[in-house]
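Biologist: Could you take me closely through one part of this model, the place where two neighbouring helices pack, and then set that part in its wider context?

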Amino acid sequence: MAENENQPFDRRGFLKTAAASTAAATVPTTAQSKDDDHDHDHQDVPSDQALRVKALETLLVEKGLVDRPALDALVDTFEHKIGPRNGARVVAKAWSDPAYKQRLLTDANKAIAEMGYTGQQGEHMVVVENSPTVHHMVVCTLCSCYPWPTLGLPPVWYKSASYRSRVVIDPRSVLKEFGVEIPDNVEVRVWDSTAEIRYLVLPERPAGTESMSEEALAAIVTRDSMIGTGKVLPPVQGATP
Ligand code: FE
């Protein structure tokens, strides 16, 4: 498309603006920092990839090919409206209904779709079940493949080079940093997500939750437990739900 002669395209200025806005967009809030409290290297300067994405987005918006509010609405949907609560409901149902659990482990896509959770980045789901003898955890060593319809958008640490490389080399050390100790007699299996397959961990149901409703169970299932970097803990007595 021809550039406006009255407003010549200033590539240097554009990249400068894009870099500044990307930097602003990537500075974590206090809440995010707390949420992602995990010992790993953060990049102070936005990555080349982040800058390229921002530059591309800005160009597409400038040319009128995409609508920024529509993009924001899409991100907000996956970040706040979907989030990991859908996955938590899937886990709670599997814990409460053995027939559903069987369907989930046999054909995850079909079972998750039963609950209405379908869409982009969730087309080929596999659910792996934690047990007293096996602990599963998920990574995407190449980039950040993640099941959006069930878990929302991936946390910052999931996309970090440190997590992606270290999980496959020394998963137990990474788990320790998340506060998860896996006994030596429990096997740790690491699943590498791809553009084709997305994994969801079915965590172990904690003891003492036998009388809890499906809804109450969903409330104690955490995002990390469905990635395999956390375990589900029983609710604390007397705590406000
Ligand atoms: Fe990926």
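Modeller: What follows is a look at one helix pair, and then at a strand and the whole chain.

This is a predicted model, in which local features need pLDDT of at least 70 and side-chain atom pairs count only at pLDDT 80 or more, while totals for chains, interfaces and linings use all residues. Residues are numbered from 1 along each chain as its sequence is written.

Helix H5 (residues 85-96) and helix H6 (residues 98-106) pack at an angle of about 125°, their axes lying 5 Å apart; the axes are lines fitted to C-alpha atoms over the stretch in contact, with angles running from 0 to 180 degrees between N-to-C directions. That makes H5 oblique to H6, since angles under 35 degrees count as roughly parallel, over 145 as roughly antiparallel, 65 to 115 as roughly perpendicular and the rest as oblique. On the H5 side, Val-90, Lys-93 and Ala-94 meet Tyr-100, Lys-101 and Leu-104 of H6, contact requiring C-beta atoms, placed from the backbone, within 7 Å. By class, this contact has four nonpolar, no polar and two charged residues (Ala, Val, Leu, Ile, Met, Phe, Trp, Tyr, Cys and Pro count as nonpolar, Asp, Glu, Lys and Arg as charged, and the others, Gly among them, as polar).

Elsewhere, strand S2 (residues 134-139) has five of its six residues buried, so S2 is largely enclosed by the rest of the structure; buried means that 20 or more other C-beta atoms lie within 10 Å of a residue's own. Of the 241 residues of the protein, 27% count as buried. The protein has 13 helices and four strands, the helices being DSSP runs (H or I) of at least four residues and the strands (E) of at least two.

Methods
Contact = placed C-beta atoms within 7 Å. Buried ≥ 20, exposed ≤ 12 C-beta atoms within 10 Å, placed from the backbone.
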